[in-house]
Structures are given as structure tokens and as C-alpha cells.
Amino acid sequence: MKKLKINNTELAYRDEGSGQPIVFLHAFPLNQTMWNDQVAAFSSSHRVITFDWRGFGASSLGSEPSSLASFADDLAGLLDHLQIKSAAICGLSMGGYAAFGFYRKYPDKVAALVLCDTRASADTEEGKQSRHEMASLARQQGTPPIIEAMIPRLLGETTLRTKPQTAERVKEMIRAAQPEGIAQALFGMAQRDDSTELLSKITCPTLIIVGDEDKLTPPSDAEKMHLSIAFSQLRVINHAGHLANLEEPSVFNQTVRDFLKQLS
Ligand code: MLT
């Protein structure tokens, strides 16, 4: 794992392989290790970049509170440092929200988008309220209540029933997050822009992936994005919940690989 100071934050990142660059943006409240299967699968053919958002995994908190805008600037800073002019950007859930923010500000740096288990709409008032409550819980009690709340939402029924090792891996990632990083990301997500209007302006090749058992951002959200993004493809992964890349890594990787092949 390498470290780099960007925008007054120390970011932990990986840069493996060579070829067409692809950046994987992790979900809340996990870290870049959620992409281990993808780093292993793609680094023989691509330059693969993963990193921990500020406040997660091995990255420090920033001097300013986290926001989706700061996430986009951190990603831009990392790409500049790595001298990558443009890359395929693959974001899952919060990573997808960040991908929208990045596309809005830095469209020339996006060669293609892979939007996984995410949505374009902003939070409802009720959704914002529940993020604020979760942020208070994280600040007061640390990660245990976050693990308890998030595991049943993040994982699909099939995974919860049949893959205890996947649930354990996800718990481990949440344990590694800083409670203040969790709180700041929750406030950042609550304040994020609505990206619905952006969808019709996306002109790069786009792949939308969703697990059929995703309860947080269900297939209906993916279908809405697919209808509004001109050059988009939609793939539904069976027996996967919100963390499709972790729950069904082989199918996920093949889906992304087929898409990337069309770009080269
Ligand atoms: C995520 O998986 O990144 C989060 O669950 C997204 C969200 O809470 O909206």
C-alpha cells in the first residue's frame, strides 16, 4: 500500500499492473480492500488503481470535513500524481455518488463509467435524518452499531444465508473505518447533489451493474439510470445484494471485462 499527501489528507492507494487505467471507488463504510478480487483479476491486463477515501481504511481524515466534492478532488489529485489523464471509473454505491461528482467536475478525465449498486437521486429528508442519527451513533459508540445496522442492508439474502466468510470480511472493513470518517461521509452523502439531471449529459460509454437482491439501491434505481444515460448498458447480477463485486466476484469481473473489451 502506498501513501500520498493530497489536499491536506494522506491517502492510501494501490497502483498495480499496466495498460488501460481503471479506478475502483469503494462503498460506505468499507475501504479499498473490497476490490481485492478485482485488483487480482484486472491487474494482469489493466492498470488498476484503488484507494481509501479520507477517514476510511488506511487514509487519514482531512483537515476539512469530507464531502462528495472533496472526494472528487482527492481522486483528481491522485490521478494527476499518477500522471493518468483519463481512466475508466468504477464506483459502487457511495463510490458511484463520487463518480457522478467526479464526472460533473472533471468529465475529460473519465474514459468510461461503471456504476454499480448506486443511484443518481439525492437523499430524501427522511434519508438525511437517518444519516444524521447514524453519524451520532458512530461518534458516540464507534463501529459496532454501524456493523449491526449495515450488514443486513449491504449483503443480499443469498450471501447472508450461505457466505458467512463474506459477511466477516465486510465486518472487518467496517471495523477498520474511523468513526469520525464514517460520520463525515454520512454528512457528505446527505448533502450530495442530485445527479438525475447529469444523467442525460453523460456521453462516455457506461455500464450499470446491480445485484438482484440489492435492498439499498434496487434494480429499479439502476433501470432509471439506464433509461437516462444514452450509451449505457445494464447488467443484473443474480444472487447478489448491494456489494455485487464481493458477493459474486466471478460474474462481476466477467461483466466488467466484457465491457472494457468493447472500449479497446
Ligand atoms: C454505500 O454502500 O456506499 C452506502 O450504503 C450508500 C448509501 O448509504 O447511500
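Me: What makes the pairing of a backbone N or O atom of Phe28 with an oxygen atom of the ligand a polar contact?

Reply: A polar contact is a pair of N or O atoms within 3.5 Å (within protein, one must be able to donate a hydrogen and the other to accept it, and residues adjacent in sequence count only if both atoms are side-chain atoms). The Phe28 atom lies 2.7 Å from the ligand oxygen, so the pair qualifies. A backbone N or O atom of Met94 sits 2.8 Å from a ligand oxygen, and a polar side-chain atom of Tyr97 lies 2.5 Å from one. The protein buries 94% of the 270 Å² that the ligand exposes taken alone (Shrake-Rupley areas, 1.4 Å probe; for residues, only the protein chains shown count as cover).

Keep in mind that this is a predicted model: local features need pLDDT of at least 70, side-chain atom pairs count only at pLDDT 80 or more, and totals for chains, interfaces and linings use all residues. Residues are numbered from 1 along each chain as its sequence is written, and side-chain values use heavy atoms, leaving out hydrogens and water.

Me: Which residues surround the ligand?

Reply: Among them are Ala27, Ser93, Arg131, Met150 and His242; being near takes one heavy atom within 4 Å.

Me: What is the peptide bond from Phe28 to Pro29, cis or trans?

Reply: That bond is cis, with omega near -10°. Pro29 belongs to the loop between β3 and α1 (36–42).

Me: How do you know that β1 and β2 pair?

Reply: Pairing takes at least two bridges found by DSSP; β1 and β2 (residues 9–16) have five, in the antiparallel sense. Lys5, for one, is bridged to Glu10 in β2. Strands here are DSSP runs of E, at least two residues, and helices runs of H or I, at least four, numbered from the N terminus.

Me: Why is one side of β1 and of β8 left without a neighbour in the sheet?

Reply: The open sheet has eight strands in the order β1-β2-β4-β3-β5-β6-β7-β8, with mixed pairing. β1 (2–6) and β8 (232–237) stand at its edges with a single partner strand each, so one side of each has no neighbour there.

Me: How do you know that the radius of gyration agrees with a compact globule?

Reply: Taken over C-alpha atoms, the rule is 2.2 Å times the number of residues to the power 0.38. For 264 residues a compact globule would come near 18 Å, and the protein has 17 Å, which agrees. The C-alpha trace spans about 50 × 40 × 35 Å along its principal axes.
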